[in-house]
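Welcome, and please open the model in your viewer. We will go from stop to stop, selecting one piece at a time and looking at what is there.

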Amino acid sequence: MKLDPATIERLKQKIAVYREFLKNWLEPSNLAQLRPKLEFQTGVLAGFALIASVLLGVTNCSTEGTIQRRLDEDLKKSLEEVVPAALYDNDMLQDTLTIPSAEYNIGTDETTVYIAKKSGNVSAVCFKFTAPDGYSGAINMIMGIDRDGNVLGVRVLSHKETPGLGDKIEVAKSDWILKFTGRSLDNLAPAKWAVKKDGGEFDQFAGATITPRKSVQAIYRGLQLFKAHQEQLINP
Amino acid sequence: MFLSETYRKIAADGIWNNNIVFGQNLALCPLLAVTGTATNGLGMGLATLVVIIASNGLISVTRHLIPSEIRIPIFVLLIAALVTLVDILMNAWAHELYKVLGLFIALIVTNCALLGRAEAFASKQPVKHALWDGLMMGLGFLIVLVALGAAREITSSGTLFANASVLLGESFKFLEITVISDYKGFLLMALPPGGFIMTAFLIVGKRLIDQKIAQRKASVTVLTPVIVEEES
């Protein structure tokens, strides 16, 4: 659409008038007169709320996809840590199965299992689980298990345990969590799935027994969950 | 001096005299929650610094619009919106940093020092002063967080700036120091009571320094007339 010069000129004048009005209105002296008025106060509060919600809404919508991608990348990274790259050639994020896990006390009623496949055959599975009863809150972990039930790797994703004592469950702080690799319900008796203080196989930490004890128990429950659904998971 | 009197006074107030923690005794909730290590203190300090500058600036720009009767809800609204914005944007565009700092950013909303600065300073001062005040108050808070975090970290686990490379990148690996090797650890200092105890020690230290300064000033004023007499 082409505007003729006269219209543009008229529009310019109009904008100048509005600008002048806005400038006068925003003068501190004018605003000082307006401020005690109830309708002005209501309007200002509504205006601020409106601007804030529009800003937040726009930001949220425009970053939603990016954030989701970042979270997927995070998940993929943790999946790669517990399942060796040689074991799969599929996109585990797309190959999932949901199984009920309410009776295993691992944080959720349903667990999403990521399935690793090599040339179409299931080679390993991987899922997130939680020790809901850590020393100071839930300990979130992820575990990879091969198709025969051997642990490929366990990692702690997040926790609130005492810094310097309970946080040795993190792989960055100590190699404690690596001791689970290769273990399975078959090669370690149920009584041995405990910390040494309880007659089990795994070390506790000096000054922190509850954190490793509850982590071992949760890993044990996670393996039981896998065992209960092994057939379904490895023969989809 | 390249800074005028006003700016110097704001800077001195923010960093020392009227420091958020030492002077105003505000922001104790985030202070005690995150200062288990110097690195966490630094992270919280940086996040707070950004938000307090932005909130001070924003409130100062709009100060003539805000009627005093409804200023508190507007301040709260602005600060909450700002913190949420920073939180979302960082999650999307600085995700690695967000994974470390994310926890602290939501905590900034509970930082009454921001509301305090908005009410006591930014809502009455021109934008330039308000921004400067935000920077200085934020810096003062950052220094306290790092000092407290360092003191607690050394006494509780014998290290300093552990895991700084996770927060700041590999090039800051040199910050990670083991101060006391083979240290058995002193758990109390890592727990919240240790935060209270160490804060008390730091506040006592600040008071002692202030006292010394006051004494020195007093002795200087006694001396001055003697010099004047000699000259005349």
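Start with β3 and β4 of chain A, two antiparallel strands joined by nine bridges. Helices (H or I, at least four residues) and strands (E, at least two) are DSSP runs, numbered from the N terminus, and two strands pair if DSSP finds at least two bridges between them. Show Val125(A) as sticks, and you will find it opposite Ile145(A) in β4(A).

Before moving on, a word on the model: it is predicted, local features need pLDDT of at least 70, side-chain atom pairs count only at pLDDT 80 or more, and totals for chains, interfaces and linings use all residues. Residues are numbered from 1 along each chain as its sequence is written, while chains are lettered from A and ligands numbered from 1 in the order in which they are written.

**The sheet of chain A**

Next, select β5(A), which runs antiparallel to β4(A) with six bridges between them. Here Met143(A) faces Val154(A) of β5(A). Four residues lie between the strands of this hairpin, and Gly149(A) there has a positive phi near 95 degrees. Is β5(A) mostly covered or open? It is mostly covered, with six of its eight residues buried (a residue is buried if 20 or more other C-beta atoms lie within 10 Å of its own, exposed if 12 or fewer, and partly exposed in between; C-beta atoms are placed from the backbone).

Now zoom out to the open sheet of five strands, ordered β1-β2-β3-β4-β5 in chain A and paired antiparallel. β1 (96-100) and β5 of chain A are at the edges with a single partner strand each, so one side of each has no neighbour in the sheet. On average, neighbouring strands of this sheet are turned by 25 degrees against each other, direction ignored.

**Helices of chain A**

Select α3(A), residues 38-82, which lies across β2, β3, β4 and β5 of chain A and runs at about 145 degrees to β5(A). Axes are lines fitted to C-alpha atoms, for helices over the stretch in contact, and angles run from 0 to 180 degrees between N-to-C directions. Contact between two residues requires their C-beta atoms, placed from the backbone, to lie within 7 Å. Then add helix α4 (residues 210-228) of chain A, which also packs on the sheet, touching β2, β3, β4 and β5 of chain A, with its direction at about 140 degrees to that of β3(A).

Go back to α3(A) and centre on Thr63(A), where the helix bends by about 45 degrees (the angle between axes fitted to the seven residues ending there and the seven starting there). The buried residues in α3(A) are Val44(A), Phe48(A), Leu79(A) and Val82(A). Their cover includes β2, β3, β4 and β5 of chain A, together with α4 of chain B.

For a contrast in setting, select α1(A), residues 5-25. The number of buried residues among its 21 is zero, so α1(A) lies largely in the open.

**Across to chain B**

Where do the chains meet? The contact takes 24 residues from chain A and 25 residues from chain B. On the side of chain B that touches chain A, α4(B) gives the most, with 11 residues.

Finish at α5(B), residues 95-107. Leu101(B) is the centre of a kink of about 65 degrees, and Leu101(B) is also among the buried residues of this helix, with Tyr98(B), Phe104(B) and Ile105(B). α2, α3 and α4 of chain B are among the elements that cover them.

Notes. Expected span 1.5 Å × (residues − 1).
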